[in-house]
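The following paragraphs lead the reader through one protein model, from its sheets to its core and its side-chain pairs. Please keep the sequence and the structure in view while reading.

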Amino acid sequence: MAELTSRRPYLIRALYDWVLDNDLTPHLLVAADAPGVNVPRQFVTDDGKITINISPTAVRGLALENQLISFSARFSGANYNVAVPPGAVLALYARENGEGMLFGEVEEDETASEETIAGASQDASETSDETGGGDDSDAPARKKHPHLKVVK
């Protein structure tokens, strides 16, 4: 049997749509130390995680691709091009009620090359907007972890 692709990027896209359809604010919990992750290090918590608001008003040029999630966002007023392999996403949840999904451990993707990641980061920088979106500047620095329900 052929090796199946990861279901994580598909679930991320579906949950993102579900959160927005319910007029809630989608947040990603990311393992910042995972390979290929490009996030502002000053907002990474002591346990190596970062929470990022990915609502349409907080990011520009959001691409939820199978190999890489990329976008431009403002952190403390400065633009930053974010790149996250879907395997580094630990959870996607709604800020307002914590509803969402935990993905568990970091999932390595042997098909994602450094060139793919670098190219996507460059694409995100080209879509960067100086006005940026209204980021949730306190969310990335939060030490408190969201309360999520496990969906089976």
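How many of the six residues of β1 are buried? In this predicted model, six of the six are, so strand β1 is largely enclosed by the rest of the structure. In a regular strand, side chains point alternately to the two faces of the sheet. In β1, both faces are covered: P26, L28 and V30 are buried on one side, and H27, L29 and A31 are buried on the other.

The setting of this strand is an open sheet of four strands, in which the order is β2-β1-β6-β7 and the pairing is antiparallel. β2 (49-53) and β7 (100-102) stand at the edges with a single partner strand each, so one side of each lacks a neighbour in the sheet. From one strand to the next, the twist averages 20°. Strands of a sheet are held in pairs through backbone hydrogen bonds, in either a parallel or an antiparallel sense.

Strand β1, which covers residues 26-31, pairs with β2 in the antiparallel sense over five bridges. Two residue pairs help to locate this pairing in the model: L29 has T51 of β2 as its bridge partner, and H27 has N53 of β2. β1 also pairs with β6 in the antiparallel sense, again over five bridges. There, the bridge partner of P26 is A94 in β6. Helix α1 (residues 8-21) lies across β1, β6 (89-94) and β7, and runs at about 15° to β6.

The second sheet is also open, with three strands in the order β3-β4-β5 and antiparallel pairing. Its edge strands are β3 (59-64) and β5 (78-84), each of which pairs on one side only. Here the twist from one strand to the next averages 25°. Strand β4 (residues 69-75) pairs with β5 in the antiparallel sense over seven bridges. Within this pairing, S70 has A83 of β5 as its bridge partner.

The next topic is the nonpolar core. The largest such core has 35 residues, of which V39, I50, I52, I69, F71, V84 and L92 touch the most other members. The elements that each give two or more residues to this core are α1, β1, β2, β3, β4, β5 and β6. The greatest contribution comes from β6, which gives five residues. V84 serves as an example of the contacts involved: leaving aside its neighbours within four places in sequence, V84 is in contact with V30, V39, L68, I69 and V89.

Aromatic side chains form a further set of contacts, with a count of two aromatic pairs. F43 and F75 form a tilted pair, 5.5 Å centre to centre and with 35° between the planes. This pair links distant parts of the chain, since F43 is in the loop between β1 and β2 while F75 is in strand β4, 32 residues apart. Both F43 and F75 are buried. The other pair, F75 with Y80, is edge-to-face, at 6.3 Å centre to centre and with 85° between the planes. F43, F75 and Y80 form one aromatic cluster. Is each partner in the edge-to-face pair buried or partly exposed? F75, at 6% relative accessibility, counts as buried, because the cut-off for burial is under 20%. Y80, at 26% relative accessibility, counts as partly exposed.

Charged side chains complete the picture, and the structure holds three salt bridges. D33 and R41 form one of them, with the closest N and O atoms 2.6 Å apart. D33 is exposed, with a relative accessible area of 57%, whereas R41 counts as partly exposed at 44% relative accessibility. D47 forms a salt bridge with K49, and here the closest N and O atoms are 3.8 Å apart. D47 is partly exposed, with a relative accessible area of 41%, and K49 is partly exposed, with a relative accessible area of 25%. R95 and E96 also form a salt bridge, with the closest N and O atoms 3.8 Å apart. R95 counts as partly exposed at 36% relative accessibility, and E96 counts as partly exposed at 42%.

Conventions
Residues are numbered from 1 along each chain as its sequence is written. This is a predicted model: local features need pLDDT of at least 70, side-chain atom pairs count only at pLDDT 80 or more; totals for chains, interfaces and linings use all residues. Side-chain values use heavy atoms; hydrogens and water are left out. Two strands pair if DSSP finds at least two bridges between them. Axes are lines fitted to C-alpha atoms, for helices over the stretch in contact, and angles run from 0 to 180 degrees between N-to-C directions. Contact means heavy atoms within 4.5 Å. A nonpolar core is a set of buried Ala, Val, Leu, Ile, Met, Phe, Trp, Tyr and Cys residues joined through side-chain atoms within 4.5 Å. Buried means under 20% relative accessible area, exposed over 50%, partly exposed in between (1.4 Å probe, protein chains only). A salt bridge is a side-chain nitrogen of Lys or Arg within 4 Å of a carboxyl oxygen of Asp or Glu. Rings of Phe, Tyr and Trp (its six-membered ring) pair if their centres lie within 6.5 Å; planes under 30 degrees apart count as stacked, over 60 as edge-to-face and the rest as tilted.
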